[in-house]
Amino acid sequence: MGSRKALFFDVDGTLFSEVWKTVPKSAVRAVEEARRLGHLAFINSGRVYCLLDTIREQVEMDGYLCGCGTYIILEGKVVYARAIPHAQGLQIKEHLKACRVEAILEARDDCHFRRDASWMPKLERLRENIIKDGKVSPHPIEEDCYDFDKFCCYTDQDSDKERFIKGLEKDFDVIDRGDEFWECVPRGHSKSTAIQMVLDHYGLSLEDAYVFGDSTNDLSMFTYAKNAVLMGKHDKELEPYATFTTRTVEEDGIAYALKALGIIDTVFYKG
C-alpha cells in the first residue's frame, strides 16, 4: 500500500483496553511501524485533551482530535479550538438542574463536577476516576468563572429526559451512549468534521483515511469514512458501515487490522 494513509483511532474499547486499563503493546508497536512507513496516526476521541494524558504517554501520535472535534492538535500545534460561549454555558447549567440531570462539564484542561456528592453513584465513580488522573477542576459546576467544550450527562428515573433532550437538540448533538449516559456535542462538531480538517491540512483524500472504532460515538466517522475498521467487541449500530471487522482490543485487534489491510508488513500479534 504505497500511498500515505491517515489512521484515526477511537480510544476506549479501540486503542485502549478498558479491561487492562492500558494500550496493548501490539497496538503501540503497530502504530509505531505505520508511522515509520510514512503513514499518519491520530487519536480521534470524545475525550477532551486533559483526559488523554495516559494515552499520550503510551503511544506517540501525529495529532489529537479531542472532544468530538472541538479541539484539534496536529504535530504539537493547536489548529482548531472551540469552547461553548460563556452565556450559553450558564444556560446549559440551569437547564440540566431544572431537568434533574447530572453532568460533567468537560474543558480542555480539566473537568467540572457538582460541588457536593451526587445522588447518582455512577457519577461519583466517574469523579473518583478523574480525581485519580488529577483532572477535576477546583471550580465546581456551581461557579461561573470558566468555559467548557462539551459535556456528558447521567439521567435516572427522576430525570425529565424528554425536556432535557428537547432543550438541547437545537444547538447540540445529544448522543445516547447507553445506560442513561449521554454525550452532548456542539452542532457542527463531530469526529467526522475533525477528520476532514486533518485531511485538508495534509492534502489527503477521504480514500486515504482509515477509522477505527467500537461504539455509538464513532458513528459519525463510520458513516463518513470509506474505510471503517470495526473492533471485535462493538455496538451493533456500527455494523452496516464497517468495511473490515478486526479482533477485540485484548486480542491485538489494532495490530491485526493494520497488517491485514496492508498498512504494515510486520506481524505484532499472536497467531
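The exercises below work through selected features of this predicted model, each with a stepwise solution.

**Exercise 1. The largest nonpolar core**

Determine which residues have the most contacts inside the largest nonpolar core, and which elements give two or more residues to this core.

*Solution.* Begin with the core itself, which has 34 residues, those with the most contacts inside it being Phe9, Leu15, Ile55, Met61 and Phe212. Next, assign the contributions to elements: two or more residues come from each of strand 1 (6-9), helix 1 (25-36), strand 2 (40-44), strand 3 (63-66), strand 4 (71-74), strand 11 (209-213) and helix 8 (253-260). Helix 1 gives the most to this core, with 5 residues. Then take Met61 as a case: leaving out residues up to four places away in sequence, Met61 touches Phe9, Leu15, Val31, Arg35, Ala41, Phe42 and Ile43. Finally, note that another core, of 22 residues, lies apart from the largest one, and that Phe42, Leu65, Ile195 and Val211 are among its members.

**Exercise 2. Helix 1 against helix 8**

Describe how helix 1 and helix 8 pack, and state which residues make the contact.

*Solution.* Two packed helices are described by the angle between their axes and by the distance between those axes. For helix 1 and helix 8, the angle is about 35° and the axes are 7 Å apart. The residues come next: helix 1 contributes Ser26, Ala27, Ala30 and Val31, while helix 8 contributes Ile254, Ala255 and Leu258. Sorted by class, this contact of helix 1 with helix 8 has 6 nonpolar residues, 1 polar residue and no charged residues.

The segment after helix 8 can be added to this picture, since Phe268 is found there. Phe268 is buried, with a relative accessible area of 15%. Beyond its neighbours within four places in sequence, Phe268 is in contact with Ser26, Arg29, Ala30, Glu33 and Ala255. For Ala30 the separation in sequence from Phe268 is 238 residues, whereas the C-alpha to C-alpha distance is 6.4 Å.

**Exercise 3. Cysteines without disulfides**

State how many disulfides the model has, and explain why Cys153 is not bonded to Cys184.

*Solution.* A disulfide is a covalent bond between the sulfur atoms of two cysteines. The count for this model is 0 disulfides. Cys50 is in no disulfide, and the nearest cysteine sulfur, that of Cys111, is 4.2 Å away. For Cys153, the closest cysteine sulfur is in Cys184 at 4.2 Å, and Cys153 is therefore unbonded to Cys184 because this distance is too far for a bond. The cut-off that this step needs is 2.5 Å between sulfur atoms. As for accessibility, Cys50 is buried with a relative accessible area of 4%, and Cys153 is buried with a value of 0%.

**Exercise 4. Positive phi outside glycine**

Locate Glu180 and Asp252, give the phi of each, and decide whether each counts as buried or partly exposed.

*Solution.* Most residues other than glycine have a negative phi. Glu180, although not a glycine, has a positive phi of about 60°, and lies in the loop between strand 9 (172-176) and strand 10 (181-186). With a relative accessibility of 29%, Glu180 counts as partly exposed. Asp252 also carries a positive phi, near 65°, and is found in the loop between strand 13 (244-245) and helix 8. Asp252 is buried, with a relative accessible area of 16%.

**Exercise 5. Polar partners of three side chains**

Identify what the side chains of Asn227, Glu102 and His139 each reach by a polar contact.

*Solution.* Take Asn227 to start, in the loop between helix 7 (219-224) and strand 12 (228-230). Asn227 counts as buried at 16% relative accessibility, and its side chain reaches the backbone oxygen of Glu207 at 3.0 Å.

Turn then to Glu102, which lies in strand 6 (residues 102-106) and counts as buried at 6% relative accessibility. Its side chain makes a polar contact with the side chain of Ser118 at 2.5 Å. Residues that Glu102 touches include Arg114, Trp119 and Cys153.

His139 completes the set, in the loop between helix 4 (121-132) and strand 8 (150-154). At 32% relative accessibility, His139 counts as partly exposed, and its side chain makes a polar contact with the side chain of Glu143 at 2.8 Å. Setting aside neighbours within four places in sequence, His139 is in contact with His112, Cys145 and Tyr146.

Note on methods. Residues numbered from 1 in each chain as written. Predicted model: local features only at pLDDT ≥ 70, side-chain atom pairs only at ≥ 80, totals over all residues. Heavy atoms only, no water. Core = buried A, V, L, I, M, F, W, Y, C linked by side-chain atoms within 4.5 Å. Buried < 20%, exposed > 50% of the residue type's maximum accessible area, 1.4 Å probe, protein only. Helix = DSSP H or I, 4+ residues; strand = E, 2+ residues; numbered from the N terminus. Contact = heavy atoms within 4.5 Å. Polar contact = N/O pair within 3.5 Å; in protein donor to acceptor, adjacent residues only side chain to side chain. Axes fitted to C-alpha atoms, helices over the stretch in contact; angles between N-to-C directions. Nonpolar A, V, L, I, M, F, W, Y, C, P; charged D, E, K, R; others polar.
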